[in-house]
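Reader: I would like to learn how to read a structure like this one. Please take the features one at a time.

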Amino acid sequence: MPDALRVGMAGLGTVGVGVLRLLESNRDLVRARAGRGIEVVAVSARDRSKDRGVDLSRVRWADSLAELASDEDCDIVVELIGGAEGDALDLARAALSQGRGLVTANKALIAHHGLEMARLAEENAAPLKFEAAVAGGIPVVAGLREGAAANAIERIYGILNGTSNYVLSEMEASGADFGDVLADAQAMGYAEADPAFDVDGTDAAHKLAILAAIGFGSRIDFDAVSVSGIAEVRAADIAHARTLGFVIRLVGVADCEDGPEGARLLQRVRPCLVPKQHPLAHVTGPTNAVVAEGDFAGRLLFQGAGAGAGPTASAVVADLIDIARGRTGHPFSLPVDSLVAMERADPGHRVGRDYIRFTVADRPGVLAEITAAMRDAGVSIESLIQQGRAQDGNGVLVAMVTHEGEERCVRHALELLEDSDSLTAAPLVLPILRD
Ligand SMILES: NC(=O)C1=CN([C@@H]2O[C@H](COP(=O)(O)OP(=O)(O)OC[C@H]3O[C@@H](n4cnc5c(N)ncnc54)[C@H](O)[C@@H]3O)[C@@H](O)[C@H]2O)C=CC1
Ligand SMILES: N[C@@H](CC=O)C(=O)O
Ligand code: NA
């Protein structure tokens, strides 16, 4: 075995610099645990002259990503550029097809092209690892793939985006404005290059699709994830939720149900009302938490820093240590040809409770109209909050929590109200997280 695992690293931003710092600071410990040194021998980033506060004097600069991918002095390429397509994808394809291992923190790349990457890795006997891509520093990929390997997984859910969790929990704690809090999260290096991905749920959906594929042994199916983000959540919803005994969190949920032709998979990312006593309700700031329910292990909770330089670097280097040790395995827990293409489940018959917020005209009879639609659609109301009088001409907020019922009934009630001129804005439906 060569004396050191030689790494070519693409991207010297938040995570790239974090990896260099970790390898410098924990050099001896990493060597001991890897059984050999881990050396970054070549790098590629857009700006060579930028001072990143790390010593790059002994590292070679590759002139291009293609050069890095074919560098005979590198055993492994670490991709820390980001993006599902373009340079990151070209680099990943080039590295794996030349038998070079790939470690990446890029959830967009794995969510969109994970199956192709796993196949390339298999065909070229090259390791592929992406612990940092899901929930940053939390070892949830390894936890599911190895620690929980003996279980049939029944449901996986969790808080998978640090930025949106930071935004929601700061809004909750300080009543701060959405925009200000998002800017803080960006300044702290939690947000994606395009923070829309954090806010609209896409980033969490990337991670959920990866976890579902590992947990259920299925072919990754990002397009099947139904996604809604946190942009519509207002301070008033957070206040209503608090009054009702909940907090609001962006939660990704994946579960399997039996269908006539095999198991069907449902993957959704939505802001949810989480009961205050639920473990996810206590997850604040950029912290992530993932719950996996195994048939023998029961409920497993993985919690920790889901974003930021140090935690993400910790996951990248853990993957490198595994590779240095020869612990490679199947990236999605099974050989590619054994991964199942699962049908998508129809959520209409799923039973649950919802929070529904209406914005309505301030005039008599509106509440009766809404409750009549609920009655006609078979939705039973558990509690209701109505704001005072409209102050700003924007309507009054009416919020309710439903009793348990089929999702299709709430959908039907909203269809009945679709053309009503009593509603001055589209209603917001937030599911209540099932325990
Ligand atoms: N920041 C975080 O907390 C986390 C980030 N990630 C993922 O890690 C990856 C990197 O994220 P960050 O370090 O935050 O991004 P960043 O924007 O701070 O750094 C990206 C780096 O890639 C370089 N780059 C971009 N295009 C390039 C190209 N064509 N050739 C060479 N270099 C190029 C940039 O110059 C920069 O050095 C992304 O996939 C991200 O989703 C994953 C978990 C957490
Ligand atoms: N932007 C992401 C970073 C880690 O994946 C997040 O906020 O969670
Ligand atoms: Na992780």
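**Ligands, core, strands and domains**

Author: Start with ligand 1, bearing in mind that this is a predicted model. Ligand 1 is surrounded by 27 residues, and the closest are Gly11, Gly13, Gly82, Ala105 and Ala307.

Reader: Which helix gives the largest share of the shell around ligand 1?

Author: Helix H1, residues 14–25, with three residues. By class, the shell around ligand 1 holds 12 nonpolar, 11 polar and four charged residues.

Reader: Where does ligand 1 lie with respect to domain 1 and domain 2?

Author: Ligand 1 lies between them, because domain 1 (4–133) and domain 2 (140–306 + 335–347) both give residues to its shell.

Reader: Which residues are around ligand 2?

Author: They are Gly136, Asn161, Gly162, Thr163, Tyr190, Ala191, Glu192, Asp198, Asp203, Gly306 and Ala307. That shell divides into three nonpolar, five polar and three charged residues. Ala307 is also among the closest residues to ligand 1.

Reader: Now the interior. What is the general idea behind a nonpolar core?

Author: In soluble globular proteins, nonpolar side chains tend to be buried together. Here the largest nonpolar core has 140 residues, and Val316 and Leu320 have the most contacts inside it. Helix H10, residues 202–216, gives the most to this core, namely 10 residues.

Reader: What does Val316 touch, not counting residues up to four places away in sequence?

Author: Val316 touches Val15, Val19, Val78, Val103, Ala105 and Ala132. Ala105 has appeared before, as one of the closest residues to ligand 1.

Reader: How should I read a strand such as S10?

Author: The general idea comes before the case. In a regular strand the side chains alternate between the two faces of the sheet. Strand S10 spans residues 262–275 and is mostly covered, with 10 of its 14 residues buried.

Reader: Which strands are joined to S10, and do they run parallel or antiparallel?

Author: Take them in turn.
- Strand S9 (residues 246–259) runs antiparallel to S10 and is joined to it by 14 bridges. Ile248 stands opposite Leu273 in S10, and a hairpin of two residues joins S9 to S10.
- Strand S8 (residues 226–227) runs parallel to S10, with two bridges. Ser226 stands opposite Arg268 in S10.
- Strand S13 (residues 343–344) is also parallel to S10, again through two bridges. Arg264 stands opposite Glu343 in S13.

Reader: How is the protein chain divided into domains?

Author: Into domain 1 (4–133), domain 2 (140–306 + 335–347) and domain 3 (349–431). The C-alpha centres of domain 2 and domain 3 lie 26 Å apart. In contact across the two are 14 residues of domain 2 and 13 residues of domain 3.

Reader: Which element supplies the largest share of the side of domain 2 that touches domain 3?

Author: H11, with six residues. Helix H11 (235–244) and S10 each supply at least two residues of that side. That side of domain 2 divides into eight nonpolar, two polar and four charged residues.

Reader: One last residue: is Val410 buried or exposed?

Author: Val410 counts as buried, because it has 22 C-beta neighbours inside 10 Å; the cut-off is 20 or more. Val410 is placed in helix H14, residues 407–416. Leaving aside neighbours within four places in sequence, Val410 is in contact with Asp354, Ile356, Val379, Thr402 and Val429.

Reader: How far apart are the C-alpha atoms of Val410 and Asp223?

Author: They are separated by 24 Å, and the two residues are 187 residues apart along the chain.

Terms used. Residues are numbered from 1 along each chain as its sequence is written. Chains are lettered from A and ligands numbered from 1 in the order in which they are written. This is a predicted model: local features need pLDDT of at least 70, side-chain atom pairs count only at pLDDT 80 or more; totals for chains, interfaces and linings use all residues. A residue is near a molecule or strand if its C-beta atom, placed from the backbone, lies within 6 Å of it. Ala, Val, Leu, Ile, Met, Phe, Trp, Tyr, Cys and Pro count as nonpolar, Asp, Glu, Lys and Arg as charged, and the others, Gly among them, as polar. A nonpolar core is a set of buried Ala, Val, Leu, Ile, Met, Phe, Trp, Tyr and Cys residues joined through C-beta atoms within 7 Å. A residue is buried if 20 or more other C-beta atoms lie within 10 Å of its own, exposed if 12 or fewer, and partly exposed in between; C-beta atoms are placed from the backbone. Helices (H or I, at least four residues) and strands (E, at least two) are DSSP runs, numbered from the N terminus. Two residues are in contact if their C-beta atoms, placed from the backbone, lie within 7 Å. Two strands pair if DSSP finds at least two bridges between them. Domain bounds come from an automatic or database domain assignment.
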